[in-house]
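Colleague: Could you take a close look at one part of this model for me, the strands and how they pair? I would also like to hear which side-chain contacts tie that part to the rest of the chain.

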Amino acid sequence: MEEELKVIVFKLGSEEYGIEVDKVQTIERMMPITRVPKTFSFVKGVINLRGVVIPVIDLRGRFALPETEYTDQTRIVIVGVDDMQVGFIVDSANDVIDIKRDAIDSPPEVVGGVKARYLRGVAKLEDARLLIMLNLNEVLNKSEIVQLESIEG
């Protein structure tokens with residue numbers, strides 16, 4: 001019996017990315033974001049989600065992709081990293097799929113302009129699509145987490 005991962009699929013531009021379901025706490029529609037001064041440009045600010053203050057990162061900005069206008073499809077994916085919640089702004093999040101662990105290859109050096117250190121691997125799906133698996137610990141590296149923790153209320 002092959003081990004399978006349940007993965008939330010989201011899009012940034014034409015690329016599809018995946019995060020393991022057990023790291024995702026909730027997916028929210030866009031909401032007002034309070035700007036926080038003196039943070040990285042990709043840190044859009046904080047949201048108050050059911051009484052919890054959560055820092056929000058625009059993944060397009062994080063990956064140095066061109067920013068776009070937010071649409072009705074734009075979502076904030078709330079993930080848990082090292083006892084901390086962070087929201088990722090993505091173009092859309094619309095699928096949960098199962099991936100066989102052995103379908104995930106190590107990432108090439110650069111995928112769609114995203115540096116390989118942010119990636120855990122690339123999964124080949126049955127329908128010939130490629131799904132880029134994120135390495136959440138690198139997307140939020142330690143020094144940035146320390147800075148984000150000072151934002152959390």
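Modeller: Happy to; I will go through the sheets one after the other and then turn to the salt bridges.

Please keep in mind that this is a predicted model. The protein chain has 13 strands along with 3 helices. Of its 153 residues, 48% are buried. Among the contacts with a separation of 6 or more, 56% are between residues 24 or more positions apart. The accessible surface is about 8100 Å², and carbon and sulfur atoms hold 50% of that area.

Let us begin with the sheet that contains β1. This sheet is open and has 6 strands, in the order β8-β1-β2-β13-β12-β9, with mixed pairing. Its edges are β8 and β9; each has a single partner strand, so one side of each has no neighbour in the sheet. As background, strands of a sheet pair through backbone hydrogen bonds, in either a parallel or an antiparallel way.

Now follow β1 to its two partners. On one side, β1 and β8 run antiparallel and are joined by 8 bridges. You can find this pairing in the structure at K6, which stands opposite D98 in β8. On the other side, β1 is joined to β2 (residues 15–20) by 6 bridges, and this pair runs antiparallel as well. Here F10 has Y17 in β2 as its bridge partner. The two strands β1 and β2 form a hairpin with 2 residues between them, and G13 in the turn has a positive phi of about 65°. Further along the order come β13 and β12. Strand β12 (residues 119–124) pairs with strand β13 (residues 130–134) in the antiparallel sense, over 5 bridges. Within that pair, A123 stands opposite L131 in β13.

The other sheet to look at is also open, with 5 strands in the order β3-β6-β7-β5-β4 and mixed pairing. At its edges stand β3 (24–29) and β4 (43–49), and each has a single partner strand, so one side of each is left without a neighbour in the sheet. From one strand to the next, the twist averages 30°. Inside this sheet, β6 (residues 75–81) and β7 (residues 84–90) pair in the antiparallel sense over 7 bridges. A handy residue to centre your view on is I78, which stands opposite G87 in β7.

Between the two edge strands of this sheet in sequence, there is a loop worth a stop. F42 has its place in the loop between β3 and β4. With a relative accessible area of 8%, F42 falls under the 20% cut-off and is therefore buried. The C-alpha atoms of F42 and V56 are separated by 8.6 Å, with the two residues 14 apart along the chain.

That brings us to the side-chain ties you asked about. There are 10 salt bridges in the model, with a nitrogen-to-oxygen cut-off of 4 Å. One of them joins R101 and E3, at 3.1 Å from N to O. R101 is in the loop between β8 (92–100) and β9 (104–105), while E3 is in the segment before β1 (4–12), so this pair ties together parts that are 98 residues apart in sequence. R101 is partly exposed, with a relative accessible area of 37%.

A second salt bridge involves the 5-stranded sheet: the side chains of K44 and E67 meet at 3.3 Å, N to O. Because K44 lies in strand β4 and E67 in the loop between α1 (59–62) and β6, the pair links parts that are 23 residues apart in sequence. K44 itself is buried, at 18% relative accessible area.

A third one pairs D91 with R60, at 2.8 Å from N to O. D91 sits in the loop between β7 and β8 and R60 in helix α1, so parts 31 residues apart in sequence are tied together. Both partners count as buried: D91 has 19% relative accessibility, and R60 has a relative accessible area of 8%. Finally, salt bridges that share partners join E16, D127 and R129 into one network.

Conventions: Residues numbered from 1 in each chain as written. Predicted model: local features only at pLDDT ≥ 70, side-chain atom pairs only at ≥ 80, totals over all residues. Heavy atoms only, no water. Pairing = 2+ DSSP bridges. Helix = DSSP H or I, 4+ residues; strand = E, 2+ residues; numbered from the N terminus. Axes fitted to C-alpha atoms, helices over the stretch in contact; angles between N-to-C directions. Buried < 20%, exposed > 50% of the residue type's maximum accessible area, 1.4 Å probe, protein only. Contact = heavy atoms within 4.5 Å. Areas by Shrake-Rupley, 256 points an atom, 1.4 Å probe, with all protein chains shown as cover.
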